[in-house]
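Biologist: I am new to this structure and would like a close look at a single part, the surroundings of the ligand. Could you take me through that part with care, and then place it in the wider chain?

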Amino acid sequence: MEENWIEKDIEKLPVRPNLVDYEETCRTFSWDEVGKKFDGLPSGGLNIAHEAIDRHADGPLKEKTALIWHGKSGERKTYTYADLKKKTNRFANVLKKLDFEKGERVFILSPRVPELYIAVMGILKNRSVMCPLFAQFGPEPIFQRMEGGDAKGLMTTERLYDKKVAQIADRLPALKYVLLIDAETHRDERVLSLPRLMEEASEDFKIGPTDEEDMALLHFTSGTTGKPKGVIHVHKAIYTHWVTGYYVLDFHPDDIFWCTADPGWVTGTSYGIIAPWLHGITNIVDEAEFNAERWFKILQDEKVNVWYTAPTAIRRLMRLDVEPLKAYDLSNLRLIQSVGEPLNPEAVRWGMEKLKLPIHDNWWQTETGGIMIANYISQTIRPGSMGRPLPGIEAAIVRRNDDGTATVVTEPGKEGDLALRPGWPSMFRGYLHNEEKYRKSFVGGWYISGDLAYRDEDGYFWFVGRADDIIKTSGHMVGPFEVESALMEHPAVAEVGVIGKPDPVIGQLVKAFVSLKKGYEPSEELKRELLAFGRKKLGVAVAPKEIEFMENLPKTRSGKIMRRLLKAMELGLPLGDTSTLEK
Ligand code: ATP
Ligand code: MG
């Protein structure tokens with residue numbers, strides 16, 4: 001075993017993991033068996049909201065806390081499954097009364113308040129399609145998505161409506177109703193008070209027949225590589241949410257779970273809402289933005305068992321150089337999972353040192369609907385690796401051939417396209433209004449993810465970079481992740497984004513943008529030190545030749561470093577779609 005691998009001792013875990021024998025679980029896995037975990041609708045078919053809410057509210061979990069909500073200014077509210085059933089029924093009745101039909105799109109532009117979570121399930125009960133947006137989006141990104149998504153309805157707050165939506169509403173003729181979360185009275189026939197409608201609506205609602213292939217969610221991608229795409233998911237996606245909740249997040253019936261993602265990003269929907277409720281566990285929501293102290297306090301006070309977060313948040317904690325265990329009791333925390341970007345080995349080591357827990361990386365995309373490759377709680381972690389495919393998922397490294405076929409690369413360590421065998425339940429069913437792009441993502445019987453990776457001899461997958469970000473320098477192919485991870489090991493470095501800068505001699509030159517940890521200042525000396533550090537770690541061929549310090553790297557709202565923006569800035573080119581840029 002490699003020195004830096006993190007071995008697990010199952011006996012030392014507080015509860016027995018759901019996944020113990022990985023190979024055996026994969027061998028015996030069947031999606032049909034997963035289907036048996038669900039109730040099905042009394043009226044026929046499969047509906048996400050019935051499986052996530054009503055099933056529990058009508059059974060022994062009725063009085064169990066489904067949602068613990070922390071408000072920005074310190075309030076705390078709790079909702080049982082029975083509470084949520086009533087409220088989501090009311091919401092569904094509101095939509096029904098306003099003639100929202102099956103398949104019609106209802107957008108949500110809201111801070112993380114309880115109404116957001118109620119609306120998601122209410123929309124699904126009415127068999128309409130739920131489309132979440134980041135509340136921080138400006139008017140144009142909101143307009144683009146609502147127009148492109150044929151929005152018939154929008155739920156938002158008074159403030160967001162006045163500030164961002166009122167000015168674009170005339171350009172959205174298909175938008176029939178706006179439901180204002182906090183308005184006491186209706187403004188006109190189109191802009192209505194949600195509390196008022198909710199009050200008038202009945203607490204009883206019968207979900208109509210829903211086919212498992214009916215469209216349920218429309219999610220826009222993060223926009224890291226270009227214009228965000230509208231990704232279509234169907235009710236059947238919950239098969240994946242259930243399985244990943246069970247094997248990857250290791251949900252046990254009494255778990256308290258916290259996913260820090262906003263539902264404007266797919267993680268915040270699949271795992272911030274759906275997966276924990278499918279399992280009937282308690283889900284934490286925090287309305288506030290990142291704040292290290294607040295986060296550790298929630299983990300402590302709510303006795304969180306399973307925590308799902310992202311590298312960007314972990315790097316922020318690393319940057320602050322905090323000692324959480326000195327100030328907080330995190331003894332209930334059993335599992336940390338991370339998604340969204342490559343998790344540098346340094347971050348995994350930081351977790352071991354500062355939290356006494358490893359951080360488990362997992363990989364997926366808006367298009368895959370749920371986690372596809374993961375490090376499991378019972379399994380050895382190889383820091384820097386995304387882990388192994390979910391049972392039931394066939395992942396491979398493939399090479400695309402000119403004749404439209406694809407060849408599986410069997411040789412360990414060889415880079416290629418990370419691909420999945422189509423047919424998993426949460427596979428996207430299309431890019432909205434872009435059939436051609438959808439078709440093009442399938443080659444030779446594989447879904448091509450757009451990420452490059454390699455597989456080691458034991459079946460662990462290692463991320464190399466996005467196909468668009470790969471750097472060709474002096475005849476070498478360099479993945480930005482490798483360079484970024486190496487620089488991250490330097491004590492001064494908080495965050496790194498690496499790009500290829502066109503160079504007449506070597507093709508592309510490796511350039512690193514670096515932000516520094518607290519207590520370090522940019523200087524020519526530090527630059528020289530980092531360049532030397534890179535050369536020592538990576539060798540001259542791969543090491544960065546240029547370093548530029550930056551206070552903060554440009555990121556998407558979902559916390560991903562936007563390398564294409566670094567590159568455009570470097571070259572003085574137009575920035576392209578910046579609708580998801582964190583400002
Ligand atoms: P867009 O498709 O609009 O450019 P995006 O790909 O960032 O945006 P998402 O669907 O939110 O939108 O992100 C999926 C991508 O995030 C993956 O394809 C991969 O590049 C990256 N990613 C997610 N998890 C990991 C991980 N664990 N390791 C490395 N990369 C990851
Ligand atoms: Mg993508």
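**The shell around ligand 1**

Modeller: The largest share of the shell around ligand 1 comes from β14, which gives three residues. Please keep in mind from the start that this is a predicted model. The strand β14 spans 359–363, and together with β23, at 461–466, it belongs to the elements that each supply at least two residues of this shell. Altogether 22 residues surround ligand 1, and the closest are Thr 221, Thr 224, Thr 225, Asn 362 and Thr 366. Sorted by class, the shell holds nine polar, seven nonpolar and six charged residues.

Some polar contacts can be followed atom by atom. At Asn 362, one of the closest residues, a polar backbone atom is 2.6 Å from a nitrogen atom of ligand 1. Side chains also take part: an N or O atom in the side chain of Asp 451 is 2.7 Å from an oxygen atom of ligand 1, and for Gln 365 a side-chain N or O atom is 2.8 Å from an oxygen atom of the ligand. On its own, ligand 1 has 630 Å² of accessible area, and the protein covers 97% of that area. The space that ligand 1 takes up is the largest pocket.

To place this part in the wider chain, two annotated spans are helpful, both of which come from an unreviewed UniProt entry. The record gives residues 61–432 as "domain: AMP-dependent synthetase/ligase", and this span is 30% helix and 24% strand, with its end C-alpha atoms 37 Å apart. Residues 482–560 carry the annotation "domain: AMP-binding enzyme C-terminal" in the record; in that span the helix content is 28% and the strand content 32%, while the end C-alpha atoms lie 16 Å apart.

Finally, two loop residues deserve a look at their backbone angles. Asp 99, in the loop between α4 (81–97) and β3 (105–109), has a positive phi of about 65 degrees although it is not a glycine. Ser 474, which lies in the loop between β24 (471–473) and β25 (476–478), is likewise a residue other than glycine with a positive phi, here near 45 degrees.

Terms used: Residues numbered from 1 in each chain as written. Chains lettered and ligands numbered in written order. Predicted model: local features only at pLDDT ≥ 70, side-chain atom pairs only at ≥ 80, totals over all residues. Heavy atoms only, no water. UniProt positions renumbered as here; feature names shortened; annotations may be inferred. Helix = DSSP H or I, 4+ residues; strand = E, 2+ residues; numbered from the N terminus. Near = heavy atom within 4 Å. Polar contact = N/O pair within 3.5 Å; in protein donor to acceptor, adjacent residues only side chain to side chain. Areas by Shrake-Rupley, 256 points an atom, 1.4 Å probe, with all protein chains shown as cover. 1 Å grid on protein atoms, 1.4 Å probe; cavity = no way out; pocket = protein on both sides within 12 Å on 5 of 7 lines; lining within 4 Å. Sits in = over half its atoms within 2 Å of the grid points. Nonpolar A, V, L, I, M, F, W, Y, C, P; charged D, E, K, R; others polar.
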